[in-house]
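Look over the model below before reading on, and try to follow the chain from one end to the other. The report then moves from its loops to its sheet, its helices and the empty spaces inside it.

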Amino acid sequence: MFPTHTHYRRYVGLRLSYTRGTLCRMSTIEPFRIDMPQADLDDLADRLARTRWPDELPDAGWSYGVNKDYLAELADYWRTGYDWREHEARLNKVPQFTTSIDGQRIHFLHVRSPEADATPLVITHGWPSTVYDFLDILGPLTDPRAHGGDPADAFHVVAPSLPGFAFSGPTGEPGWGVNRIARAWAELMRRLGYQRYGAQGGDFGSIVSPELGRIAPENVLGVHVNALANASTPIDPGELDTLSEAEREQARQNTMWWYGHSGYATQMSTRPQTIAYALNDSPAGQLAWNLEWFVDWNPTQTQRTPIARDTILTNVTTYWLTRTAGSAARLYLEAASEAWGRRPARSSVPTGVANFLGDRAIRGLAELSNVVTRWSAFSRGGHFASLQAPDLLVTDIREFFRPLR
């Protein structure tokens, strides 16, 4: 059972501090509850009913992009069968809060473990996800005793929504790239009273979490990542010389694969405002834009665990109702501008990497920026490990952090 907001107020509240001799009132941490207007849900259903569908080449399948029949069926279910209120209520069972950091509203889940000596852990999602992806792992991480695990492996979990995403959006100014997000996370953990903590993330979270270790190495005891996003292809041609022959071949294959699947990232990292108009105006268009990753690129692939359609639609509906699809897209441009043509500096913090089925991280490239102390490979799951293989992800997180506590 998650702690109540009243319980939370016993250890987090308004704080006062002196800065350069001046009494400063720090930003408060406020309880948050989701309650989307019914008029917005009615408008969504109306727009879906009036979708103007494009043509599609005969027998094209998924070779030109999202398959029309697949999308139309899912959109119809979104309109007639999916129940947002059910998933809104599920989210509202988890303690949620907001605070302002560096001028930006930050929304986050905060679940305290019943184990008093649990290790704090900040976990970060990616695109096109939301914190909804973490609901199945919160219990095992915070209360392993209740889930057949060792209570010594318990964590206090903080799961922020990325700036510009969902209830942390939209962003109101440029500059919210990876480094600024990591600095905001460091401030959030400090504000919550956590001095030593771990960091975990997948997809964009796999970039933010190591950056947190770089800017706050004295606070971050270890970094665990899955779906490591910046270690699949070389940034500089000379990096190939540092790899084994098998890794060089994998890098070549990854480069070819990425060329055929990177259209969405190219658009969002160069002209995100252009696509924002379509995403903000057409729910079917936003569903198609987000769907390619959620089907793990090949919906007929039986080796990867499929993602439940209600989970896909909860994430997409959250973007739609908060009108943050365009704001979230800006993170790609911010990140590209921040790190264009260079690999991040090497972190001194111990790092664990979990590669699930379909992930393409190369250890030789990961080690250029991280001190990799654990490397795991799994034959099931997928890019969204917290949804597709939560048991494996939780076990790997526990085992990585066990010697670091």
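## Loops and turns of the backbone

Pro170 is found in the loop between strand S7 and helix H6, where helices (DSSP runs of H or I, at least four residues) and strands (runs of E, at least two) are numbered from the N terminus. The model is a predicted one, so local features need a pLDDT of at least 70 and side-chain atom pairs count only at 80 or more, while totals for chains, interfaces and linings use all residues. Residues are numbered from 1 along each chain as its sequence is written, and side-chain values use heavy atoms, with hydrogens and water left out.

The peptide bond that joins Gly169 to Pro170 is cis, with omega about -5 degrees. Another cis bond runs from Trp127 to Pro128, with omega near 0 degrees, and Pro128 belongs to the loop between S6 and helix H5 (135-142).

The loop between S7 and H6 also holds Ala166, which has a positive phi of about 50 degrees although it is not a glycine. Ala166 has a relative accessibility of 4% and counts as buried, a word used here for under 20% relative accessible area with a 1.4 Å probe and protein chains only. Asp203 is likewise a residue other than glycine with a positive phi, near 60 degrees, but the place of Asp203 is in strand S8, where its relative accessibility of 10% makes it buried.

## The sheet and the strand S7

How many strands does the open sheet have, and in what order do they stand? There are 9 strands with mixed pairing, in the order S3-S4-S5-S7-S6-S8-S9-S10-S11, and two strands are said to pair if DSSP finds at least two bridges between them. Strand S3 (30-31) and strand S11 (371-377) are at the edges with a single partner strand each, so one side of each has no neighbour in the sheet.

Strand S7 (residues 155-160) pairs with strand S6 (residues 119-124) in the parallel sense over 4 bridges, and in this pairing Leu121 stands opposite Val157 in S7. S5 and S7, by contrast, run antiparallel and are joined by 4 bridges, with Phe108 opposite Pro160.

Both faces of S7 are covered, with Phe155, Val157 and Ala159 buried on one side and His156, Val158 and Pro160 buried on the other. The loop between S5 and S6 contains Glu115, a buried residue with a relative accessible area of 12%. Leaving aside residues up to four places away in sequence, Glu115 touches Asp143, Arg145, Pro151, Ala154 and His156, where contact means heavy atoms within 4.5 Å.

## A covered helix

Helix H7 (residues 205-215) is mostly covered, with 8 of its 11 residues buried; among them are Val208, Pro210 and Leu212. These buried residues of H7 pack against S6, H6, S8 and S9.

## Pockets and cavities

Rolling a probe the size of a water molecule over the atoms shows where empty space is left. On a 1 Å grid over the protein atoms alone, a cavity is a set of points where a 1.4 Å probe fits but cannot get out, a pocket is an open set with protein on both sides within 12 Å along at least five of seven lines, and lining residues have an atom within 4 Å of a point. Points are joined across faces, edges and corners, and a volume is the space filled by probe spheres set on them.

The second largest pocket holds about 550 Å³ of space, and of its 29 lining residues the closest to the centre are Pro54, Leu71, Ala284, Gly285 and Ala288. Helix H3 (68-80), helix H10 (272-281) and helix H11 (283-294) each supply at least two residues of this lining, and the largest share, 6 residues, comes from H11.

By the same grid rule there are 4 cavities of 30 Å³ or more, and the largest cavity holds about 140 Å³. Its lining has 16 residues, with Asp133, Phe134, Gly202, Asn226 and Ser386 nearest the centre, and S8 gives the largest share, 4 residues.

The table sorts both linings by class: Ala, Val, Leu, Ile, Met, Phe, Trp, Tyr, Cys and Pro count as nonpolar, Asp, Glu, Lys and Arg as charged, and the others, Gly among them, as polar.

| Lining | Nonpolar | Polar | Charged |
|---|---|---|---|
| Second largest pocket | 15 residues | 7 residues | 7 residues |
| Largest cavity | 4 residues | 10 residues | 2 residues |

Definitions and conventions: Buried < 20%, exposed > 50% of the residue type's maximum accessible area, 1.4 Å probe, protein only.
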